[in-house]
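These notes are meant for a colleague who is opening this entry without earlier acquaintance. They are set out as numbered points, to be read with the sequence and the model side by side.

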Amino acid sequence: MSDKDKEVCCPLKAEFQRSKFSLYHEDPGVFCRSQWQKSDRNIIWVLYRWILAAFFAAGVIGSMRQDFNGGRWFIFLTDWGFTLCLFTCTYGAVISTIYYFNQAYFAPGDRSLKVYWISHYTASVLSMLITTVFWAALSSTMPEIAGELYNLWCHAFNSICMVFDCFMVAYPNRLMHFVYPISVVLIFLVHSLIYYWAGGTDMDGNRFIYYALDWARPGLAIGFVCAALVLICCFALVAFGIYRLRISLYRCCNKEKETTSIEATPKESSLTV
C-alpha cells in the first residue's frame, strides 16, 4: 500500500511521520488558489483575499487607536494573534494576486509559500485558542469590555474568519505543524515572565498581562501554561479535522458532478440516434 493510499484509509495515523514536519509541497498553486475554484485564475478569489485583509486591517488599526495605551497594546497574546491574522491575510492576498497574473511565478518549495503556510496555520490555531481562552477564562475578569466592538473583533470574529478561511483555502493541513503555534505560545509565555520580572503592568496597573498568568502566583500561572499547551494540541486536531472535512466535501461534490455527467452521456447519445 502506497503512502497516498495509507493517507486515504487512515489519515490521522499517516500524519505521525517525520516527513510531515516538512514545508515542501510539489504544487505551489495550492497556496494561491481556493479549494473550490474550477480554474487556476479566479478574480473572485483574489478579491475575497483582499477583502479579508482589509477586514483585519480595519480591526487592528481601530483596536490600536482605541487601546494603544503607551505601547501596552503589544503585550497581549490577543493582539499578537490579531496582528498575525492581518499579516497572513495580507500575505495571502499578495501571493494570490501574483499567481493570478503569472501561474509560473512560484516554484515548488518556494520559501515565500512556506512562510504563508506557517503563518496561516499558526494564525488559525492561535485564533481558536485566543477565542476559547478569553470567553472561558478571562472575559469574567473584564466584563466592562466584553461586549465592545473591537473586543468582539479580536476575540470572536478573528476565529470565525480564520476557520471559514480554512474551508476556502486549498493548501493541505499537516498535524505535525502544531509545533509552530506552540512555539508562538511558548515565546509569549517567556515574554510574560520577562515582563513581570521587569516590573511591567497591564492597562490597569496590575503586575501581570492576564489575571490567569500572574507570575506572583506561580501555581496558577504554570497551570494556565499547561492548559494553553494542551489546548493548542486540541485545536491542531480541530484544524486537521476541518481540512479533512473540506477534502471530503470537495470529493463528494466532484463525485456527484462526475456521476451526473456519466448519466447524462447515454441519454444525449440515445436522442441523437
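1. A charge is said to sit over a ring if NZ of Lys or CZ of Arg is within 6 Å of the ring centre and within 35 degrees of the ring normal. In this predicted model, R207 lies over the face of Y196, at 4.6 Å from the ring centre. A second arginine, R41, lies over the face of Y100, and here the distance from the ring centre is 4.2 Å.

2. As to the general architecture, the chain has 8 helices and 0 strands, so that, read from the N terminus on, its elements run α-α-α-α-α-α-α-α. Of the 273 residues, 44% count as buried. When one takes the contacts with a separation of 6 or more, residues 24 or more positions apart account for 76% of them. The accessible surface of the chain comes to about 14,300 Å², and carbon and sulfur atoms hold 67% of that area.

3. On the surface, attention may go to a nonpolar patch of about 420 Å², which is made by I43, I44, L47 and I51. One of these residues, I44, has its place in helix α3, which covers residues 43-67. Is I44 buried or exposed? Because its relative accessibility is 63%, and exposed means over 50%, I44 counts as exposed.

4. The aromatic residues deserve a point of their own, since a search of the whole structure finds 22 aromatic pairs. In one of them, the rings of F55 and F56 have their centres 5.4 Å apart and their planes at 80 degrees, so the pair is edge-to-face. The two partners are covered in unlike degree: F55, at 25% relative accessibility, counts as partly exposed, whereas F56, at 0%, counts as buried. Another edge-to-face pair is formed by W73 and F74, with 5.3 Å from centre to centre and 85 degrees between the planes. Here W73 is buried, at 1% relative accessibility, while F74 is partly exposed, with a relative accessible area of 43%.

5. F55 and F56 also belong to a wider group, for they form one aromatic cluster together with F82, Y150 and W153.

6. Where along the chain is Y210 placed? Y210 is in the loop between α7 (179-197) and α8 (218-272), and, although this is a loop position, Y210 counts as buried because its relative accessibility is 8% and buried means under 20%. Leaving aside neighbours within four places in sequence, Y210 is in contact with F76, L77, T78, L138 and F188. In addition, Y210 and S192 are 18 residues apart in sequence, and their C-alpha atoms are 9.0 Å apart in space.

7. A last position to inspect is T88, which is found in helix α4, residues 77-101. With a relative accessible area of 0%, T88 is buried. Which residues does T88 touch, if those up to four places away in sequence are not counted? They are Y116, S119, H120 and A123. T88 and A53 are 35 residues apart along the chain, and their C-alpha atoms are separated by 8.1 Å.

Definitions and conventions
Residues are numbered from 1 along each chain as its sequence is written. This is a predicted model: local features need pLDDT of at least 70, side-chain atom pairs count only at pLDDT 80 or more; totals for chains, interfaces and linings use all residues. Side-chain values use heavy atoms; hydrogens and water are left out. Patches are made of residues with over 30% relative accessible area and no salt bridge: like charges are joined within 9 Å, nonpolar side chains (Val, Leu, Ile, Met, Phe, Trp, Tyr) within 5 Å. Accessible areas come from the Shrake-Rupley method with a 1.4 Å probe; for residues, only the protein chains shown count as cover. A salt bridge is a side-chain nitrogen of Lys or Arg within 4 Å of a carboxyl oxygen of Asp or Glu. Helices (H or I, at least four residues) and strands (E, at least two) are DSSP runs, numbered from the N terminus. Buried means under 20% relative accessible area, exposed over 50%, partly exposed in between (1.4 Å probe, protein chains only). Contact means heavy atoms within 4.5 Å. Rings of Phe, Tyr and Trp (its six-membered ring) pair if their centres lie within 6.5 Å; planes under 30 degrees apart count as stacked, over 60 as edge-to-face and the rest as tilted.
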